[in-house]
Amino acid sequence: MTVAVLVKGYPRLSETFIAQEILALQRLGLRQRIVSLRFPHDDRRHPMHAEIRAPVLYLPEYLYREPLRVLRAWRALRRRPAYRAMRGAWLRDLRRDPTPNRGRRFGQALVLAAELPADVTWLHVHFLHTPASVARYASILTGLPWSASAHAKDIWTTPDWELAEKLADCAWLVTCTRSGAERLRDVARRAGVDPGKVALVYHGLDLSRFPPPPERPPRDGRDPADPVTILSVCRAVPKKGLDDLLAALAMLPESLQWRFVHVGGGPLLRALKREAARLGIAGRIAWLGALPQDAVIAHYRRADLFALAARIAPDGDRDGLPNVLMEAQSQALPCLATRLSAIPELIADGATGLLVEPGDRAALAAALAGLIADPARRERLGRAGREELRARFSFEDGIARLADKFGLAAAPAPVP
């Protein structure tokens with residue numbers, strides 16, 4: 001089997017979970033070709049990207065920039081018997097979703113079907129919105145089966161009618177959260193589609209890529225020369241709740257000594273920096289932007305506490321099971337997060353971390369204050385979180401289940 005793996009963009013610093021999956025399946029012998037709907041907008045890469053050998057096919061990100069390429073694909077495919085069926089499916093979707101994005105998916109699917117290497121026998125797509133539409137249309141044209149990995153935003157912001165049709169057409173689907181699996185199975189049942197197509201497969205974390213956790217000094221927030229470091233790794237977008245986190249930091253008692261480090265890019269960074277200045281805490285904050293994973297790991301190891309104030313965005317977008325929480329736990333870094341989506345599947349409140357309600361800034365501030373002042377509790381929660389990660393979110397188990405779906409007989413071997 002040779003699988004064409006469709007992704008939104010490749011490589012992307014924010015999607016380590018996809019890269020680690022591609023690399024693990026490569027190590028098991030699965031032949032893969034990566035198909036990206038977008039060109040990379042950052043020339044930095046994670047070390048694992050250098051290990052991935054799959055060639056990359058970039059589809060036209062915007063059709064008007066490569067009109068001859070789209071035209072050549074259309075001329076090559078328009079007389080195929082399946083072209084009419086593919087165009088009919090797209091037109092039905094366009095009537096329900098009359099957007100430029102829907103038109104772009106049609107052109108990208110034409111180029112994919114026309115330029116797909118002859119050895120590809122299966123399409124697998126990450127995310128059920130745009131990438132899955134391109135895969136579905138290309139599948140109709142080529143007759144190739146397709147499968148999907150659903151994650152977070154794609155599950156909660158894609159309309160039910162579109163989810164139902166994609167569930168009906170795909171061969172199988174995996175998703176990495178129980179809450180996401182329950183939603184997709186409910187959509188399938190209401191549409192008369194077999195809910196057994198949907199499988200819960202935690203993507204886990206490849207701990208072989210992370211060093212053993214460090215020993216941390218018992219900082220207690222009393223020494224101005226040695227403040228407690230609070231870390232958050234996330235894109236600056238509404239669903240991450242960074243404005244809630246800034247407000248909570250501003251509520252902390254003046255007697256507590258802390259600094260906040262943010263890693264990640266995103267469209268809200270400029271507004272968040274202005275808000276930090278308005279709150280009078282800008283001098284305690286380091287905004288580092290997006291970083292490759294080796295640098296991110298170094299910050300996990302230096303920090304004393306990890307915080308993620310995730311919430312549901314106005315458009316319905318939300319996190320599933322944020323990979324950054326598992327990465328923090330790999331370094332025995334205690335995690336404070338919100339009770340949202342699949343986060344409680346990973347963090348047991350008071351046992352392996354702390355949880356507060358999304359948007360509750362006062363509760364977030366109280367939890368931060370308690371953890372800043374109590375290094376012994378931070379250490380207990382961090383160690384317990386790491387043990388839970390190792391016991392229940394095995395990367396090897398998830399890859400073994402995927403390997404079985406792709407017909408790979410070998411079990412994943414530990415990587416030194």
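**Exercise 1. Describe the second largest pocket of this predicted model by the classes of its lining residues, its volume and the residues at its centre.**

Step 1. Sorted by class, the lining of the second largest pocket has 7 nonpolar, no polar and 6 charged residues.

Step 2. The lining of this pocket is made up of 13 residues. Those nearest the centre of the pocket are Arg216, Pro217, Pro375, Arg378 and Glu379.

Step 3. The space in the second largest pocket is about 210 Å³.

**Exercise 2. In what order do the strands of the open sheet follow each other, and which strands stand at its edges?**

Step 1. The sheet has 7 strands, and reading across it gives S3-S2-S1-S4-S5-S6-S7. The pairing is parallel.

Step 2. Strand S3 (56-58) and strand S7 (198-200) each have a single partner strand, so each has one side without a neighbour in the sheet. These two strands are therefore the edges.

Step 3. From one strand to the next, the twist averages 20 degrees.

**Exercise 3. Place strand S5 among its partners, and state whether its residues are buried or exposed.**

Step 1. Begin with strand S4 (residues 122-126), which runs parallel to S5 and is joined to it by 4 bridges. Opposite Val125 stands Ala148 of S5. Between S4 and S5 the chain passes through helix H6 (residues 130-142), and this β-α-β crossover is right-handed.

Step 2. Turn to strand S6 (residues 173-175), which pairs with S5 in the parallel sense over 3 bridges. Leu173 in S6 is the bridge partner of Ala148, and Val174 in S6 is that of Ser149.

Step 3. Now look at the cover. Strand S5 spans residues 146-150, and 5 of its 5 residues are buried. On one side these are Trp146, Ala148 and Ala150, and on the other Ser147 and Ser149, so that both faces are covered.

**Exercise 4. How many cavities of 30 Å³ or more are there, and which residues line the largest cavity?**

Step 1. The count is 5 cavities of 30 Å³ or more.

Step 2. The largest cavity holds about 70 Å³ of space. Its lining consists of Glu21, Ser149, Ala150, His151, Val174, Thr175, Cys176, Val201, His203 and Leu402.

Step 3. Compare this list with the strands of the previous exercise. S5 and S6 each give at least two residues to the lining of the largest cavity. Ser149 and Val174, which are bridge partners, both appear in that lining.

Step 4. By class, the lining of the largest cavity divides into 5 nonpolar, 4 polar and 1 charged residues.

**Exercise 5. Which residues line the second largest cavity, and which elements supply two or more of them?**

Step 1. The volume of the second largest cavity is about 50 Å³.

Step 2. Val7, Gly9, Tyr10, Arg12, Glu15, Ile18, Ala19 and His49 form the lining of the second largest cavity.

Step 3. Strand S1 (2-9) and helix H1 (16-27) are the elements that contribute two or more residues to this lining.

Step 4. The classes in the lining of the second largest cavity are 4 nonpolar, 2 polar and 2 charged residues.

Conventions
Residues numbered from 1 in each chain as written. Predicted model: local features only at pLDDT ≥ 70, side-chain atom pairs only at ≥ 80, totals over all residues. Heavy atoms only, no water. Buried < 20%, exposed > 50% of the residue type's maximum accessible area, 1.4 Å probe, protein only. Pairing = 2+ DSSP bridges. Right-handed = clockwise from strand over helix to strand, strands pointing away. 1 Å grid on protein atoms, 1.4 Å probe; cavity = no way out; pocket = protein on both sides within 12 Å on 5 of 7 lines; lining within 4 Å. Points joined across faces, edges and corners; volume = space filled by probe spheres on them. Nonpolar A, V, L, I, M, F, W, Y, C, P; charged D, E, K, R; others polar. Axes fitted to C-alpha atoms, helices over the stretch in contact; angles between N-to-C directions.
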